[in-house]
Amino acid sequence: MYNKTALQYAISGADTIMKKYTAQNLPPSDRFHYHQGVFLTGVERLYEITGEEKYFNYIKDWVDFHISPNGDCSTCHLDEFDDMQPGRLLIGLYDRTGDERYKKHLDVIISAAERHPKNALGGVWHKLRYKNQMWLDCMYMMGVVVTEYALRFNEPYLIEVVYRQMELMYGNMRNPETGLLYHAWDHSKTAFWADKQSGCSPDHWGRAMGWFAVAAVEIAAMLPDTDKHKAKVTEIVKEILHAVLKYQDKETGLWYQVLDKKDDPRNWHETSCSALFVYAMKKAADSGITDDLCDENIRIGYEGVISRTREEKTGIGIDGVCVGTGVGNAPYYFSRPTVSTDLHGMGAFLLMCTQIHKGRE
C-alpha cells in the first residue's frame, strides 16, 4: 500500500490537481478563497523542498489571475476571513519577485482583518453576516497570515491582535471534560446552535479542530523565543494535541468526523482532519514544541491517511473528505457528504506529506 515516499505522495497529489485544473480554473474560479489557498500553501511547501519552478509558476499564475496590474483583487471578499487565507502566498511572491502588487493586496487584507467587526470582548466575527460568532476556522484563515505579516514586516502589535483571538477562542470554546474545542461560540448566545449558558455550538467537528491545531502550531513555531506570548501559545499547542490524541482510532490511525462520538454508528472517519492532526503533531515535534511522545500516533495517522488514497489514471485520489460545512449538531455533521480529491483534502494531504518528509528542522 505504501509504495511511495512521503515526498512522492506529495508530488503525486499536487500534480494530480495541476493536471486537472489550470491555475485560473482552480475552484471556486471566481473567488480568491481558502479552498485554493490551502492547496497552494501545500504546493508552496513542495516548491521549497524540490525547487521545481512549475510549482512556483502555478501559484503565481493563480494569484496573477485574481490580482490586477494595479494590485486590486475584486474576487477577494473582505467581509469574511475565508478569503484572507491566501494572503500567505503573497508574502512568498513578494519576497521572490519584489512586485509591489502583492504587497499592496496583502496590506489590504491585513487592514481588513484589523477593522473586522468584533463582539463585546474583542473577538472577531467569522463573517460579517454572523454577528458575534467566532469559529475555530478563523484562527487558520486569519491568524497565521497576520502573524507571518507581523514578523516579516515588523508590526509586533499585530501579534497582540492574533493572540487575543486565540485567547478568546481557547478560553471560551474549550470543553473542560475532553479538552476539545467546540466548532463555534456566539458571545450573544442568540445563534440557533448556541448553548444558552456557554454560547458554544454543541459538538466537536474534526476539521474545525484541525484548523485550530494547525494554526496554533504554526504560530508557536513562528514566534521568536523573546515574544511574551510564545510560552502560552506553546502550552495551548501541547494541551490541544494531548486532547486530540485521546480520540485517534488506534485501529485505523484516523480521527472521526465528530471527534468524541466514535461509538455512534452514523459517525465516520474523516480524512482531511486526520491529515491536519498528523501535520500539526509532526510540525510540533520538528519545531521542538513537543517531544517524541507523538511518534507512534504520527506513524499510524500518516499510514491511515495514505490508506485512503488510490492510484488513478489521472494521478492520485483521496477519499473520505467532508465538503465545506457550517456550524450544527452531531447529526448535521454525520450527514454531510464526502468528496474525493477536493482542495480541502489535497491541501491537508500536502501539508502532512511535506512535513513528514522534512523531518526535524
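Glu-312 has Gly-315 in S6 as its bridge partner. The model is predicted, and this pair belongs to strand S5 (residues 309-312) and strand S6 (residues 315-318), which run antiparallel and are joined by four bridges. Thr-309 stands opposite Ile-318 in S6. Between S5 and S6 the chain turns through a hairpin of two residues. In a regular strand, side chains alternate between the two faces of the sheet.

**Open and enclosed space**

The largest pocket holds about 300 Å³ of space. Its lining consists of 16 residues, and those closest to the centre are Glu-44, Arg-45, Glu-48, Arg-88 and Glu-148. By class, 11 residues of this lining are charged, three are nonpolar and two are polar. Three helices supply at least two lining residues each: H2 (34-50), H4 (87-97) and H8 (206-222). The largest share comes from H4, with five residues.

Apart from the pocket, a search of the whole structure finds two cavities of 30 Å³ or more. The largest cavity has a volume of about 40 Å³. It is lined by Thr-147, Ile-159, Val-162, Tyr-163, Met-166, Ile-219, Leu-223, His-229 and Val-233. H7 gives the most to this lining, namely four residues. The class count for the largest cavity is seven nonpolar, two polar and no charged residues.

The second largest cavity contains about 30 Å³ of space. Its lining is made of Glu-44, Tyr-47, Phe-56, Ile-59, Leu-89, Gly-92, Leu-93 and Arg-96. H2, helix H3 (53-66) and H4 are the elements that give two or more residues to it. Here H4 has the largest share, four residues. By class, five residues lining the second largest cavity are nonpolar, one is polar and two are charged. Glu-44 thus appears in two linings: it is listed among the residues closest to the centre of the largest pocket, and it also lines the second largest cavity.

The table sets out the class counts for the three spaces.

| Space | Nonpolar | Polar | Charged |
|---|---|---|---|
| Largest pocket, about 300 Å³ | three residues | two residues | 11 residues |
| Largest cavity, about 40 Å³ | seven residues | two residues | no residues |
| Second largest cavity, about 30 Å³ | five residues | one residue | two residues |

**Helix packing**

Two packed helices are described by the angle between their axes and the distance between the axes. For helix H7 (residues 157-173) and helix H9 (residues 230-245), the axes come within 11 Å and cross at roughly 35 degrees. The crossing of H7 past H9 is left-handed. On the H7 side the contact is made by Tyr-163, Met-166 and Tyr-170, and on the H9 side by Lys-232, Val-233, Ile-236, Glu-239 and Ile-240. By class, this contact has six nonpolar, no polar and two charged residues.

The H7 and H9 contact shares residues with the largest cavity. Tyr-163 and Met-166 of H7 and Val-233 of H9 take part in the contact, and Tyr-163, Met-166 and Val-233 are also among the residues that line the largest cavity.

**Backbone exceptions**

Most residues other than glycine have a negative phi, and most peptide bonds are trans. Two places in the model depart from these patterns. The peptide bond from Pro-27 to Pro-28 is cis, with omega near -5 degrees. Pro-28 sits in the loop between helix H1 (6-20) and H2. Asn-132, although not a glycine, has a positive phi of about 70 degrees. The loop that holds Asn-132 lies between helix H5 (100-115) and strand S1 (133-135).

Methods:
Residues are numbered from 1 along each chain as its sequence is written. This is a predicted model: local features need pLDDT of at least 70, side-chain atom pairs count only at pLDDT 80 or more; totals for chains, interfaces and linings use all residues. Side-chain values use heavy atoms; hydrogens and water are left out. On a 1 Å grid over the protein atoms alone, a cavity is a set of points where a 1.4 Å probe fits but cannot get out, and a pocket is an open set with protein on both sides within 12 Å along at least five of seven lines; lining residues have an atom within 4 Å of a point. Grid points are joined across faces, edges and corners, and a volume is the space filled by probe spheres set on the points. Ala, Val, Leu, Ile, Met, Phe, Trp, Tyr, Cys and Pro count as nonpolar, Asp, Glu, Lys and Arg as charged, and the others, Gly among them, as polar. Two strands pair if DSSP finds at least two bridges between them. Axes are lines fitted to C-alpha atoms, for helices over the stretch in contact, and angles run from 0 to 180 degrees between N-to-C directions. A crossing is left-handed if the near helix is turned anticlockwise from the far one by less than a right angle, and right-handed if clockwise. Contact means heavy atoms within 4.5 Å.
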